[in-house]
Amino acid sequence: MSATLPRKALISISSYHGVIYPDGTKTGLFYTEALHPFEVFTQAGFEIDLATETGSYGLDDLSLTDRFLAGDDKAVFENPDHPFNVKLNSQLKKAADLDPEQYGLFFGSAGHAALYDYPTAKGLQAAAENVWARGGIVAAVCHGPVLLPGVIDATTGRSIIDGKTVTGFTVEGEVVLEVLDKLNSDGVALVVDAVTKAGADYSSPMHPFDDYSITGGRLVTGANPASARSGAERARIAFDALT
């Protein structure tokens, strides 16, 4: 079926940018969770657009620390002329302005910010629904799967994750990063709670930051920043398998 689907990917990005970390720094786009899929899809010959619900974004401060940004990734971040940074900072689209028919693959990047805006991001959800309805691939990584309960399969009237096994960032990971109390006080749903409420079976990596991703037909999910590249590779493989 991929022969009839555009070889074009939409990478969604959270528009939320607010303080959650104990040191007073902010969440937002976890940089490599969009960069790595961009690299995978570019290498595989996809055209790519980046979009948020509002058309704006901020970066997750944690994602820019040496723990999560080093080597080639840091070199990309420091190069404003890199195609990813040009897309992100000069060509970022607003969800309401998208033509979903252009895309054959939807990939939800994340950061803790996704917990705050993805569950109600109707424009991004509509784009993912359109891709799904036309037989395309829908994927999300880390906190990105909280978008998926609102992505409805028109044939069932239920979320596309209902009855499927998915992964995403663990509660243990929230504890390690010392943000669980903040998330709870803000009243946002954690990944495991959001996906299980939508009828999915949640599968956890052995350790919260292990590379761990799952393919379930046309649905792909990844557990954490380390899984953004493998999740994108799985999404690419699933797309190519549609022929």
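This briefing describes the sheet, the helices around it and several individual residues of the structure shown above. The model is a predicted one. Its strands include an open sheet of 7 strands with mixed pairing, in the order β5-β4-β1-β6-β7-β13-β12. Helices α1 and α5 each lie across several of these strands: α1 across β1, β4, β6 and β7, and α5 across β1, β4, β6, β7 and β13.

**The sheet and its edges**

- The edges of the sheet are formed by β5 (93–94) and β12; each has a single partner strand, so one side of each is left without a neighbour in the sheet.
- At the β5 edge, β4 and β5 run parallel and are joined by 2 bridges. K94 in β5 is the bridge partner of T52.
- At the β12 edge, strand β12 (residues 213–216) pairs with β13 in the antiparallel sense over 4 bridges. Here G216 stands opposite L219 of β13.
- The hairpin of β12 and β13 has 2 residues between the strands, and in this hairpin G217 takes a positive phi near 70°.

**Strand β6**

- Strand β6 covers residues 105–108, with L105 and F107 pointing one way and F106 and G108 the other way; all are buried.
- On one side, β6 pairs with strand β1 (residues 8–12) in the parallel sense, over 4 bridges. Within this pairing, F106 in β6 is the bridge partner of L10.
- β6 also pairs with β7, again in the parallel sense and over 4 bridges. There, L105 stands opposite I137 in β7.

**Strand β13**

- Strand β13 (residues 219–222) directs L219 and T221 one way and V220 and G222 the other way, and all are buried.
- Besides its antiparallel pairing with β12, β13 pairs with strand β7 (residues 137–141) in the parallel sense over 4 bridges.
- V220 in β13 serves as the bridge partner of A139.

**Helices across the sheet**

- Where α1 lies across the sheet, it runs at about 175° to β1.
- The corresponding angle given for α5 is about 140°, taken relative to β6.
- N130 is a residue of helix α5, which spans residues 122–133. Not counting residues up to four places away in sequence, N130 touches P100 and E101.
- N130 and A154 are 24 residues apart in sequence, and their C-alpha atoms are 9.6 Å apart in space.

**Packing of α1 against α9**

- Two packed helices are described by the angle between their axes and the distance between the axes.
- For α1 and helix α9 (residues 228–240), the axes come within 8 Å and cross at roughly 35°. The crossing is right-handed.
- On the α1 side, the residues that meet α9 are T32, E33, H36, P37, E39, V40 and F41. Their counterparts in α9 are A228, R229, A232, E233, A235 and R236.
- By class, this contact has 6 nonpolar, 2 polar and 5 charged residues.

**The buried face of α3**

- Helix α3 (residues 83–90) has F84, N85 and L88 as its buried residues. Seen down the axis of α3, they fall within an arc of 90°, so they line one face of the helix.
- The elements covering these buried residues include α1 (31–43), β4 (47–52) and α2 (71–77).

**Individual residues in α6 and the loops**

- Most residues other than glycine have a negative phi.
- C142 has a positive phi of about 65° although it is not a glycine. C142 is found in the loop between β7 and β8 (152–153), and its relative accessibility of 3% means that it counts as buried.
- E178 also has a positive phi, of about 60°, and is not a glycine. E178 lies in the loop between α6 and α7 (180–186) and is exposed, with a relative accessible area of 58%.
- V176 belongs to helix α6 (residues 171–176). V176 counts as partly exposed because its relative accessibility is 43%, which lies between the 20% limit for buried and the 50% limit for exposed.
- Leaving aside neighbours within four places in sequence, V176 is in contact with R67 and F209.
- V176 and P149 are 27 residues apart along the chain, and their C-alpha atoms are separated by 26 Å.

Technical notes: Residues numbered from 1 in each chain as written. Predicted model: local features only at pLDDT ≥ 70, side-chain atom pairs only at ≥ 80, totals over all residues. Heavy atoms only, no water. Buried < 20%, exposed > 50% of the residue type's maximum accessible area, 1.4 Å probe, protein only. Arc of directions from axis to C-beta. Contact = heavy atoms within 4.5 Å. Axes fitted to C-alpha atoms, helices over the stretch in contact; angles between N-to-C directions. Left-handed = near helix turned anticlockwise from the far one by under 90°. Nonpolar A, V, L, I, M, F, W, Y, C, P; charged D, E, K, R; others polar. Pairing = 2+ DSSP bridges.
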